[in-house]
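Colleague: I'm new to reading protein models, and I'd love a close look at one part of this one. Could you walk me through the place where its domains meet?

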Amino acid sequence: MAAKLMHAVQYDSYGGGAAGLKHVEVPIPAPKKNEVLLKLEAASLNPVDWKIQKGELRPLFPRKFPQVPVTDVAGEVVEVGQGAKKFKVGDKVVVLLSHFSGGGLAEFAVSNQRLMVARPPEVSAAQGACLPVAGLTAHQALTQCAGIKLDGTGQNKNILITAASGGVGHYAVQLAKLGNTHVTATCGSRNVELVKSLGADEVLDYKTEDGAALKSPSGRKYDFVINCAKGIPWSTFEPSLSAKGKVIDIAPTTSSFTTFVVKKLTFSKKQLVPLLMIPKGANLECLVSLVKEKKLKAVIDSTHSLSKAEDAWVKSIEGHATGKIILEL
């Protein structure tokens with residue numbers, strides 16, 4: 001199978017945006033020891049995909065050029081390498097590919113099995129492909145950083161979720177409501193009703209005065225903020241936090257780390273917590289199960305073919321997608 005060719009989309013250097021993407025015919029990769037070969041069915045984009053292309057994560061990512069980007073995929077196992085025993089040919093799976101090597105914008109990809117989980121028939125390829133980075137980030141922020149129990153047995157907490165109609169935000173709203181929480185959310189005016197439908201108790205248009213100030217309509221102070229928005233300073237969060245409130249920043253900047261250190265050094269009870277997502281297969285299994293049980297769903301902004309990958313890339317860079325951007329492969 002490795003001698004045959006497949007359609008893939010890659011870039012050869014840093015920068016270039018959508019114009020830097022190239023459609024190529026390359027050999028179908030062969031699975032190495034403990035790897036499997038997947039026939040991909042769907043992939044979803046995350047901001048980190050184009051940030052890697054832009055050079056924001058150099059020298060860590062990518063490992064080499066040319067790079068076939070994208071890590072969040074769903075597909076079918078078509079070949080297993082030596083020692084790969086967790087899955088067999090014909091199995092449908094959801095996978096988080098390595099950010100070092102990418103591979104998701106192609107007809108086939110190889111992957112180890114560490115971050116590969118079974119996809120039941122109740123979960124579509126598109127719904128599965130939406131989950132890895134966005135779903136795992138929301139899951140870690142809520143369960144690990146905020147201590148929320150998704151079975152609803154924990155203490156009642158007040159949570160603010162900013163940019164709640166985005167990829168991470170729309171999952172965070174749904175997962176938070178599975179816990180024993182009161183959710184305030186911010187988003188643009190066009191998505192207020194959508195975010196309410198996902199379970200948010202109160203929703204603020206971020207362009208209004210109260211929305212910009214993150215002021216709860218019911219006057220609540222937030223025990224935790226899942227910050228999915230860009231450019232909100234600590235001074236805006238602080239007045240709305242409870243006595244020991246924490247801001248969990250899902251895309252921390254240099255400023256975030258500075259605030260984190262200052263708050264630690266001054267023994268402040270209010271904290272900023274930079275989140276570095278550490279993916280775990282068990283958490284991905286949990287998310288797939290929640291989708292199967294209809295307790296969690298992806299909002300899909302738009303669906304594109306691999307031949308129109310540039311359109312999806314532009315939409316992601318523009319930053320106003322509602323939910324997730326999908327490529328059908």
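What distance separates the centres of domain 1 and domain 2, taken over C-alpha atoms?

Modeller: Happy to help! Please keep in mind that this is a predicted model. The centres of domain 1 and domain 2, taken over C-alpha atoms, are separated by 29 Å. To find them in the chain, look for domain 1 at 5–119 + 299–328 and domain 2 at 133–274.

Now for the place where they meet. On the domain 1 side, 11 residues are in contact with 11 residues of domain 2. Together the two domains bury about 840 Å² between them, and carbon and sulfur atoms give 60% of that area. Three residues are good ones to pick out here: Val299, Thr322 and Lys324 supply 47% of the area that domain 1 buries against domain 2, more than any other three residues. As for polar links, six residue pairs are in polar contact between domain 1 and domain 2, while the count of salt bridges between these domains is zero.

Next, look at the nonpolar residues. The largest nonpolar core has 48 residues, and Ile161 and Ile226 have the most contacts inside it. Among the elements that give two or more residues to this core are strand S8 (157–161), strand S11 (222–227) and helix H9 (281–292). Both domains take part, since at least three of the core's residues come from each of domain 1 and domain 2. To explore around Ile226, leave aside its neighbours within four places in sequence: its contacts then include Ala141, Leu160, Ala172 and Ile248. Apart from this core lies another, of 38 residues, with Val36, Ile52, Met116 and Trp313 among them.

Conventions. Residues are numbered from 1 along each chain as its sequence is written. This is a predicted model: local features need pLDDT of at least 70, side-chain atom pairs count only at pLDDT 80 or more; totals for chains, interfaces and linings use all residues. Side-chain values use heavy atoms; hydrogens and water are left out. A nonpolar core is a set of buried Ala, Val, Leu, Ile, Met, Phe, Trp, Tyr and Cys residues joined through side-chain atoms within 4.5 Å. Buried means under 20% relative accessible area, exposed over 50%, partly exposed in between (1.4 Å probe, protein chains only). Helices (H or I, at least four residues) and strands (E, at least two) are DSSP runs, numbered from the N terminus. Domain bounds come from an automatic or database domain assignment. Contact means heavy atoms within 4.5 Å. Buried area is the accessible area (1.4 Å probe) that two parts lose on being put together, summed over both. A salt bridge is a side-chain nitrogen of Lys or Arg within 4 Å of a carboxyl oxygen of Asp or Glu. A polar contact is a pair of N or O atoms within 3.5 Å; within protein, one must be able to donate a hydrogen and the other to accept it, and residues adjacent in sequence count only if both atoms are side-chain atoms.
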